[in-house]
Amino acid sequence: MSADLPDRATVDLLAELPLADLMARAAARRDAYHGDTVTYSRKVFIPLTHLCRDVCHYCTFAEPPKKGEAAFLSPEQVLEIARKGAAAGCNEALFTLGDKPELRYRAAREALERLGHATTLDYLHAMAELVWRETGLLPHLNPGLMDLDDLKRLRQVSVSMGIMLEGTAPSLMERGKPHFGSPDKDPALRIACMDAAGEAQVPFTSGILIGIGETRAERLDALFALRDLNDRHGHLQEVIIQNFRAKPGTKMVNAPEPDLDELCWTIAMARLLFAPEMHVQAPPNLSPGVLPRLIGAGIDDWGGVSPVTPDFVNPEAPWPHLEKLRLETALGGKRLAQRLPVYPEHMEDADRWLEPAFHKAVLDRTDGQGLVRDDAWSPGEHDAIPDLPAMRPSGTLKPVIDRALAGERLDPEEIVRLFRARDADFVAVVQAADSLRQRVSGDRVSYVVTRNINYTNVCYFKCQFCAFSKGKLSENLRGRPYDIGLDEIRRRVREAWDRGATEVCMQGGIHPDYTGQTYLDILDAVHEAAPEMHVHAFSPLEVAQGAATLDLPVADFLQRLKEHGLGTLPGTAAEILDEEVRATLCPDKLRTDQWLDVMRDAHATGFRTTATIMFGHIDHYRHWARHLLSIRDLQAETGGFTEFVPLPFVHMEAPIYLKGRARKGPTFREAVLMHAVPRLVFNGLIDNIQTSWVKMGPAGVRACLAAGANDLGGTLMNETITRAAGAAHGEEMPPHMMEELIRQSGRTVRQRTTTYETAPESRTQRSRQAAPLEDVVNTPATRYDRDQRPTRLVRPGLEAGLREISGGD
């Protein structure tokens, strides 16, 4: 949590501001962190029991035992409700129940005994586990007071829990007051429960109930108590400001309800009292018709909304229809987005906050913002694409877009805002990028006839995303380990030349037997086979490893590569240029500064290179922003990048996904934006944005060509890396198919060279008359010859980290 927290004296001064000023400050604080998004959770409400030992004077949920009625829902009834929720697209199963009814009612004890459980919390554990196992819904539990052992046990079967503090005023427990006769509403006990929840590392929900006899100062006392708890543990996900509603049949049926100004004042004070990242919620069904006003007071979340079940706690207040909620949210100047019961901030540190059993389910359902995925598309998996928004663009992002169109360097926060674009904002970003593409590149879409040659899939690096490399632990993935010889490389190069190729693109795993001389020998073999073939080869990792094995500075090794005929370098091995991500994704690979240094040296040596990003796994929008700015800043310095290539993460066979530790690639919205946003960010510096037909598929390519992309990359001939990851799209897209795809997009065709000159007509004609490919020969990798193996394996990332720890050079 942020350190930007006002003390009590400051809060008391804020409390005296005119309401309009107070709300304006609260809204600005909210917007600075949460932007234009207001979230909700699509839930199904499971009232496990209405029995409760407490007798709150405003409550209609709690009921005494009734003859002929079951004290608890049966497992069959629980599953019936849960399955209806799952069928309606819910993600959350909200279990609400009375507090320990067995301590008051014999009927509860007897019912639990028949169900085979000693306590209500035992039965709750069993039902939460049942719902999770049978439906996949994520349980959120509101069972009342719990001790540390209860919390630790229930944490195993839920992703979040909650208990309303309601208030801290002792007077609320006095005779004639709302909590008289309700021992579980003792504020000290509830605070102790929440303290234990923090110790148990449970993502937790709490809040206050206003208008039940407390003063404004006492509301602030309660909010400070919640803030103190969160300062200790960081476990509070949201603070709910719930307004009292008088209900027929209760002792408070005639009690006055707080008016809208009181509700808005309390929301605004909560927003200003807590750090900006705290989520502040108000239930939408308790304030019908005035939701834009609540947005103006500083809320950023509506809580759970069910398309299936009523609000059993407030049955007189039906949930708003989701479309109506979306419209009212828009009237408040915000966009409605669905979240899970565990918020993005706690999901991001899942090892701390979630049981391992829930990791994969949470990641599978969320996007790079931590919100619920808005489509079922994944890179390389589907031919069909989801519908994109078709509406008038908004003006919300116009200041940011205008700065990009003027060629200014955007701040990381501004780039994050572009990636968060949805609905009309998405349309605005895409249209701006497409307009800029038209201005820079016109209607021409280029591609290059190339052959990919991946000379080995043996690799001693342990990149968690890679399904291509083969070692002792990865032979279960697609294909067996291979290491092709120079003769096969020459044959493939000659065949590519005969088929009209102007380029061979060559990369591979980092084989433990490879040295810098290996790469020089490969270059010599290519030029023996086809002297005029352009060689686009060797990632920055291969360059760094090759240099280290020859005890050469990287710049000197690059010069050797140039002398042996290397033409350009691919900007792969970049993945995400941010150490937060690389520490998990590829810890032994080049670090961000090392990757940039190799590229800087390559540009200084006279090489042009590409730049890439591989996104949609464990990364988030802030990482994407930092990556783009690292590329932009180096390009401003060297001018050496020819193009930027977004590479959506293909998850199907990736080890990190199979272990349940990564998302299943970007959503389609995110994939399209990763073409549009770089077009804007790189304006005036990198003119070419490439889209990958292997990962996006033909329909996805057409969408990206309308979002800033102007290049389709290569025909490939033999694409193996993406196929190894599980992609369904083919290994080759020959020129006639490339050109048909471009024309279907309403663009004109240009076959190019690696460096974006127009391909010679003789090559173009040859490529259109290409014979079918012969079968490739992937020579099985033999056991490594330890006498020939390098004395050490180069692991730049780990070695740099060790130097930092030891303080060495």
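Which residues does Lys360 touch, not counting residues up to four places away in sequence? The exercises below begin with this question. The structure is a predicted model.

**Exercise 1. Place Lys360 and find what it touches.**

Solution.
- Step 1. Find the element: Lys360 lies in helix 14, residues 356–364.
- Step 2. Classify the residue. Its relative accessibility is 36%, so Lys360 counts as partly exposed.
- Step 3. List the contacts. Leaving out residues up to four places away in sequence, Lys360 touches Tyr657 and Gly660.
- Step 4. Compare the two kinds of distance. Lys360 and Arg661 are 301 residues apart along the chain, and their C-alpha atoms are separated by 6.4 Å.

**Exercise 2. Determine which residues of helix 4 are buried and where they sit around the axis.**

Solution.
- Step 1. Helix 4 spans residues 106–115, and its buried residues are Ala108, Ala111 and Leu112.
- Step 2. These residues cover an arc of only 100° around the axis, so they are on the same side of helix 4.
- Step 3. Turn to the face away from the buried side: there helix 4 carries the exposed residues Arg106, Glu113 and Arg114.
- Step 4. Name the packing partner. The buried residues of helix 4 pack against helix 5 (120–135).
- Step 5. Look just past the helix. Gly116 follows helix 4 and has a positive phi, near 90°.

**Exercise 3. Describe the surroundings of Leu115, a residue of helix 4.**

Solution.
- Step 1. With a relative accessible area of 29%, Leu115 is partly exposed.
- Step 2. Residues up to four places away in sequence are not counted; Leu115 then touches Phe72, Pro75 and Tyr123.
- Step 3. For a residue elsewhere in the chain, take Gly211. Leu115 and Gly211 are 96 residues apart in sequence and 39 Å apart in space, C-alpha to C-alpha.

**Exercise 4. Work out how helix 20 and helix 21 are oriented, and which residues join them.**

Solution.
- Step 1. Take the geometry: helix 20 (residues 540–549) and helix 21 (residues 554–563) pack at an angle of about 105°, and their axes are 9 Å apart.
- Step 2. Apply the cut-off. Angles of 65 to 115 degrees count as roughly perpendicular, and helix 20 and helix 21 are therefore roughly perpendicular to each other.
- Step 3. Name the residues. Helix 20 contributes Val543, Ala544, Gly546 and Ala547 to the contact, and helix 21 contributes Val554, Phe557, Leu558 and Leu561.
- Step 4. Sort the residues of this contact by type: seven are nonpolar, one is polar and none is charged.

**Exercise 5. Identify the residues that touch the most other members of the largest nonpolar core.**

Solution.
- Step 1. The largest nonpolar core has 124 residues; Val429, Met506, Phe538, Leu561 and Trp595 touch the most other members.
- Step 2. Helix 26 (residues 668–681) gives the largest share of this core, nine residues.
- Step 3. Examine Trp595. Its neighbours within four places in sequence left aside, Trp595 is in contact with residues including Pro540, Ala573, Leu590 and Phe641.
- Step 4. Note a second, separate core of 87 residues, which includes Ala26, Ala128, Cys193 and Leu226.
- Step 5. Set this beside a general tendency: in soluble globular proteins, nonpolar side chains tend to be buried together.

**Exercise 6. State the sign of phi for Glu166 and for Ala573, and say where each residue lies.**

Solution.
- Step 1. Recall the general rule: most residues other than glycine have a negative phi.
- Step 2. Phi of Glu166 is positive, near 70°. Glu166 is in the loop between strand 4 (160–162) and helix 7 (187–199), and is buried, with a relative accessible area of 10%.
- Step 3. Phi of Ala573 is also positive, near 65°. Ala573 is in the loop between strand 14 (568–569) and helix 22 (579–585), and is buried at 8% relative accessible area.

**Exercise 7. Decide whether Ala530 is buried or exposed, and find what it touches.**

Solution.
- Step 1. Ala530 is in the loop between helix 19 (516–529) and strand 13 (534–537).
- Step 2. Buried means under 20% relative accessible area. Ala530 has 2%, so Ala530 is buried.
- Step 3. Not counting residues up to four places away in sequence, Ala530 touches Val493 and Trp497.
- Step 4. Ala530 and Glu495 are 35 residues apart in sequence, and their C-alpha atoms are 9.5 Å apart in space.

How values were computed: Residues are numbered from 1 along each chain as its sequence is written. This is a predicted model: local features need pLDDT of at least 70, side-chain atom pairs count only at pLDDT 80 or more; totals for chains, interfaces and linings use all residues. Side-chain values use heavy atoms; hydrogens and water are left out. Axes are lines fitted to C-alpha atoms, for helices over the stretch in contact, and angles run from 0 to 180 degrees between N-to-C directions. Helices (H or I, at least four residues) and strands (E, at least two) are DSSP runs, numbered from the N terminus. Angles under 35 degrees count as roughly parallel, over 145 as roughly antiparallel, 65 to 115 as roughly perpendicular and the rest as oblique. Contact means heavy atoms within 4.5 Å. Ala, Val, Leu, Ile, Met, Phe, Trp, Tyr, Cys and Pro count as nonpolar, Asp, Glu, Lys and Arg as charged, and the others, Gly among them, as polar. A nonpolar core is a set of buried Ala, Val, Leu, Ile, Met, Phe, Trp, Tyr and Cys residues joined through side-chain atoms within 4.5 Å. Buried means under 20% relative accessible area, exposed over 50%, partly exposed in between (1.4 Å probe, protein chains only). The arc is that of the directions from the helix axis to the C-beta atoms.
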